Amino acid sequence: MSEPTLFDLSQPGKRCTRMPRPERAAEELVPTRHLRAEAPALPEVSEPEIARHYARLAAWNFNVDRNFYPLGSCTMKYNPRAHEAIAADPGWARLHPATPDECVQGALELIAELETWLAAILGMDAVSLQPPAGAAGEFTSLRVFRAWHDARGDAARTRVIVPDTAHGTNPASVARCGWEVTVLPSGEDGRVSPEALADALGDDVAALMLTNPNTLGLFETRVLEIAEMVHDAGALMYCDGANLNALLGHARPGDMGFDAVQVNLHKTFSTPHGGGGPGAGPIGVVAKLEPFLPAPRLVEREGALGWDWDRPQSIGKVQAWFGNFLIAVRAWAYIRAMGAEGLRRVTEDAVLAANYVRGALRDTLDLPYPGACMHECVLSAKTLAGETGVRAADIAKRLLDYDIHPPTMYFPLVVDEALMIEPTETESKATLDRFIAVMREIARDAAEHPELLHDAPHSTPVRRVDEVTAARKPVLRWREG
Amino acid sequence: MQVPDDRKYAQTHEWAKVDGDLIRVGITDFAGEQLGDIIFLDLPEVGAEVRQGAAFGEIESVKAVSDLIAPISGEVREVNEPLMDDLDGVTSDPWEAGWMIAVAPEDPSQMAALMDAAAYAEHCEREA
């Protein structure tokens with residue numbers, strides 16, 4: 001199967017709708033220097049051709065609405081339709097961001113409420129909805145940290161400690177912020193060891209970035225001790241909040257000694273994600289960092305909400321307008337629909353589902369870090385690979401033949417042949433049981449018919465792709481012929 | 001596993017081999033095995049200073065991006081340019097054609113801090 005691009009389908013003169021000619025010539029309406037010399041080479045196709053092209057592509061798309069999607073660290077939970085309907089209400093969707101504050105008090109109230117609720121969930125004093133994604137939240141927080149250190153006249157801090165299990169975005173955010181990364185090796189139990197941390201700390205350390213639970217799905221049980229050490233060294237504690245689905249209503253980063261945390265609304269708060277967004281990565285901070293948050297801040301003055309731009313210590317804006325507002329609307333709707341008790345159960349069911357899968361598959365694959373996990377579990381195909389030559393990537397590809405999205409593979413880096421499974425709370429026991437049965441069947445096939453796995457997937461529109469050539473010689477744009 | 005005994009080894013799986021006045025540097029067979037197919041290699045320019053224990057370049061496989069750590073301090077005198085266009089060479093011939101840089105050592109006695117072949121083979125056993 002293959003689908004031509006719209007450029008391949010193009011035939012001169014074809015079009016969908018014929019737009020009326022403007023009453024005045026283009027030269028009268030647009031400054032000459034902005035006019036094109038010749039028309040752009042856009043594809044020329046009819047409306048049915050376009051509609052069918054996209055309908056075919058949509059039918060091929062592998063997505064959370066059609067398939068089980070246990071992609072570890074991504075929290076691919078189901079996105080309730082009601083929240084989409086609410087976000088699509090023209091009262092939100094058609095709102096222009098430049099509308100005067102007094103005409104949009106309802107929208108501002110929604111932002112204020114979401115900030116308050118997120119602060120309560122995180123145990124933080126102030127929240128900014130501006131960062132448009134998780135990594136942007138990390139970067140914004142580090143810039144806030146930097147501004148705080150600078151304001152104290154302590155500008156010589158240049159290092160940020162990042163455990164070797166961290167998401168790749170952590171070191172990237174540090175580098176983007178102009179700091180250096182010190183990698184902290186995990187202890188035998190897969191957690192940060194205060195002893196190793198003591199060696200890495202120093203008066204040039206600006207912060208520790210810690211994911212809790214970490215990417216092995218393990219709760220950092222010594223986090224309070226760790227926070228005390230970091231603070232004693234004059235540094236700040238950053239929580240990568242990507243795994244917040246494991247904490248809702250049960251534990252709060254603020255109570256663990258963290259100074260800032262980002263929330264991936266598109267993960268934990270069930271707004272759609274994948275395909276590059278839009279997401280939202282609000283951050284929560286402790287009171288002493290509030291003056292440095294991105295401007296403007298939402299404030300209440302004489303009974304009305306409005307934007308305060310007079311923020312002399314702010315790091316400035318990190319996103320156009322006020323963040324991805326319609327994502328905030330969905331998250332607001334999710335929190336309203338779930339309530340406090342519902343959010344607590346989200347976490348309980350997510351942790352239960354991950355442990356159910358972990359327990360059921362511990363005899364099929366290796367379990368590098370034994371014991372209960374939080375919202376996701378990391379298994380390893382190391383023994384299977386040694387015995388059969390079938391590797392984590394082959395298992396991942398074969399799952400596609402069963403209409404199951406592969407788990408995250410080869411991450412975290414500290415686990416060989418890693419398969420990181422995050423079922424989320426929205427999957428039924430029947431779905432989990434089928435996944436477990438499929439994984440066992442794949443492991444049997446690995447021993448008996450390894451070629452079946454090496455050549456997988458067999459039933460997808462695009463078969464096994466040559467990832468090496470794709471990476472070495474990427475074709476990034478369509479060319480004629 | 002074959003580990004040549006004509007050179008020394010770092011914990012981070014780089015090798016360092018005396019070649020006249022220079023120290024030639026590459027990554028080991030074991031490192032290549034762990035990385036899988038290499039898709040990108042970033043090496044320093046001739047004339048760059050490298051520091052023992054600090055990154056001198058980057059290597060990216062389909063699995064991950066890793067730092068290349070200098071086993072010795074000094075000035076880069078040669079860079080294996082053809083390797084950049086033949087990334088399979090990193091893993092197909094790690095000990096000879098797969099060398100990455102040649103360094104004029106600032107202090108040749110730094111070689112003493114590295115492992116010999118036997119110690120390195122044991123180090124790999126523990127990591128495997």
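I count two residues as in contact when heavy atoms lie within 4.5 Å. I also kept in mind that this is a predicted model.

**Entry 1: A:Pro70**

I started with A:Pro70, which I found in the loop between helix H3 (47-60) and helix H4 (81-88) of chain A. Is A:Pro70 buried or exposed? Its relative accessibility is 0%, and the cut-off for buried is under 20%, so A:Pro70 counts as buried. I then listed what A:Pro70 touches, leaving out residues up to four places away in sequence. The list runs A:Ile404, A:His405, A:Pro407, A:Thr408, A:Met420, A:Ile421, A:Glu422, A:Pro423 and A:Phe435. I also checked A:Pro70 against A:Thr424: they are 354 residues apart in sequence, yet their C-alpha atoms are 7.3 Å apart in space.

**Entry 2: A:Thr424**

That led me to A:Thr424 itself, in the loop between E12 and H15 of chain A. Its phi is positive, about 70°, although A:Thr424 is not a glycine. A:Thr424 counts as buried because its relative accessibility is 0%.

**Entry 3: helix H14**

Next I looked at helix H14 (residues 392-401) of chain A and found ten of its ten residues buried. Charged side chains are on that list too, among them A:Asp394, A:Lys397, A:Arg398 and A:Asp401. What do the buried residues of H14(A) pack against? I noted helices H13 (382-388), H15 (429-448), H16 (450-454) and H17 (467-472), together with strands E11 (408-409) and E12 (418-421), all of chain A. After H14(A) comes A:Asp403, with a positive phi near 60°.

I took a closer look at H14(A) with H15(A). Their axes come within 10 Å and cross at roughly 125°, and H14(A) and H15(A) are therefore oblique to each other. The crossing of H14(A) and H15(A) is right-handed. From H14(A), A:Ile395, A:Arg398 and A:Leu399 meet A:Phe435, A:Val438, A:Met439, A:Ile442 and A:Asp445 of H15(A). Sorted by class, this contact of H14(A) with H15(A) has six nonpolar, no polar and two charged residues. A:Phe435 was familiar to me, as A:Pro70 touches it.

**Entry 4: helices H7 and H8**

For a second helix pair I chose helix H7 (residues 134-151) and helix H8 (residues 169-176) of chain A, whose axes are 9 Å apart at an angle of about 40°. That angle makes H7(A) oblique to H8(A). I found the crossing of H7(A) and H8(A) to be right-handed. Which residues of H7(A) meet H8(A)? They are A:Ala135, A:Glu138, A:Phe139 and A:Leu142, and they meet A:Thr169, A:Asn170, A:Ser173, A:Val174 and A:Arg176 in H8(A). By class, the contact of H7(A) with H8(A) has four nonpolar, three polar and two charged residues.

**Entry 5: backbone checks**

I looked up cis peptide bonds next. One joins A:Asn212 and A:Pro213, with omega about -5°, and A:Pro213 lies in the loop between strand E4 (205-211) and helix H10 (223-232) of chain A. Another joins A:Phe411 and A:Pro412, also with omega about -5°. A:Pro412 lies in the loop between E11 and E12 of chain A.

A:Ser270 has a positive phi near 60° and is not a glycine. I placed A:Ser270 in the loop between helix H11 (265-268) and strand E7 (283-285) of chain A. With a relative accessible area of 1%, A:Ser270 is buried.

**Entry 6: domains**

Last, I noted the domain assignment of chain A: domain 1 (6-59), domain 2 (82-336) and domain 3 (347-471). The C-alpha centres of domain 1 and domain 2 of chain A are 42 Å apart.

Key. Residues are numbered from 1 along each chain as its sequence is written. Chains are lettered from A and ligands numbered from 1 in the order in which they are written. This is a predicted model: local features need pLDDT of at least 70, side-chain atom pairs count only at pLDDT 80 or more; totals for chains, interfaces and linings use all residues. Side-chain values use heavy atoms; hydrogens and water are left out. Domain bounds come from an automatic or database domain assignment. Buried means under 20% relative accessible area, exposed over 50%, partly exposed in between (1.4 Å probe, protein chains only). Helices (H or I, at least four residues) and strands (E, at least two) are DSSP runs, numbered from the N terminus. Axes are lines fitted to C-alpha atoms, for helices over the stretch in contact, and angles run from 0 to 180 degrees between N-to-C directions. Angles under 35 degrees count as roughly parallel, over 145 as roughly antiparallel, 65 to 115 as roughly perpendicular and the rest as oblique. A crossing is left-handed if the near helix is turned anticlockwise from the far one by less than a right angle, and right-handed if clockwise.
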